[in-house]
Amino acid sequence: MNPASPDPGRRNSHSGAVGEHRQNQSRRMAHVCARMAHVRHLARREKMRGKKGRSILVRSGGQQLDLTEDNVRLVLKDARTELLQLFDESVGITGEVELADMDGPFVKLALKGRFWHRRSDVVARVGNYLQKRIPEIVEVEAEEEGMLDDSPENF
């Protein structure tokens, strides 16, 4: 057999790697979609609890505010100190959550940097905090699905 000719029984390692990469990418995308659906479910459930007349707990000193962009930014700033475990800079956490867009009671957040927790958990926790401080907010989600990807290239 000619050493330069490809072995018909041998699989092309490049095409195998590409296929495996696509499968991993597909799995990650499905996982991200599932996490986003769960975050939306939690946000809706929390909102419904508030509508049923149950008390909405607000952390120390935090008062309920009207829905304005300035108030959302103010509450996000408060969240940074109240939810310190999400934003602990002493252990190299550089993550920031900012208001990306607001369309009525629907808020979209931009995530930047590294977080200790999964990005979907950060959005859920910050979203709950926002909804407790500003009850008019119906839904909080990431600006783009890709922002919920926890892989290092997104930092």
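In what order do the three strands form an open sheet, and is the pairing parallel, antiparallel or mixed? In this predicted model, the order is S1-S2-S3 and the pairing is mixed. Strand S1 (96-103) and strand S3 (139-142) are the edge strands. Each of these two pairs on one side only. On average, neighbouring strands of the sheet are turned by 30° against each other, direction ignored.

Strand S2 (residues 106-112) and S3 run parallel and are joined by four bridges. In one bridge, Phe-106 has Glu-139 of S3 as its partner. Two helices pack on the sheet. Helix H2 (residues 69-82) touches S1 and S2. The direction of H2 makes about 160° with that of S1. Helix H3 (residues 119-133) touches S1, S2 and S3. The direction of H3 makes about 150° with that of S3.

The protein chain has three helices and three strands in total. From the N terminus on, these elements run α-α-β-β-α-β. Contacts with a separation of 6 or more were also examined by distance in sequence. Residues 24 or more positions apart account for 62% of them.

Buried residues make up 32% of the 155 residues in the protein chain. The accessible surface of the chain comes to about 10100 Å². Carbon and sulfur atoms hold 49% of that surface.

In soluble globular proteins, nonpolar side chains tend to be buried together. The largest nonpolar core of this model contains 26 residues. Within this core, Val-72, Leu-111 and Leu-130 touch the most other members. At least two core residues come from each of H2, S1, S2, H3 and S3. H3 gives the most, with five residues. Leu-130 illustrates the packing: residues up to four places away in sequence aside, Leu-130 touches Val-72, Val-75, Leu-76, Leu-109, Ile-137 and Val-140.

Confidence varies along the protein chain. The mean pLDDT is 75, and 55% of the residues reach 70 or more. S3 has the highest confidence, at 96. Helix H1 (residues 13-51) has the lowest, at a mean of 59. Over residues 51-61 the pLDDT is below 50. Beyond near neighbours in sequence, the 51-61 stretch has 14 contacts in the model. Where pLDDT is low, the predicted coordinates should not be read in detail.

Notes. Residues numbered from 1 in each chain as written. Predicted model: local features only at pLDDT ≥ 70, side-chain atom pairs only at ≥ 80, totals over all residues. Heavy atoms only, no water. Pairing = 2+ DSSP bridges. Axes fitted to C-alpha atoms, helices over the stretch in contact; angles between N-to-C directions. Contact = heavy atoms within 4.5 Å. pLDDT = per-residue confidence, 0-100. Buried < 20%, exposed > 50% of the residue type's maximum accessible area, 1.4 Å probe, protein only. Areas by Shrake-Rupley, 256 points an atom, 1.4 Å probe, with all protein chains shown as cover. Core = buried A, V, L, I, M, F, W, Y, C linked by side-chain atoms within 4.5 Å.
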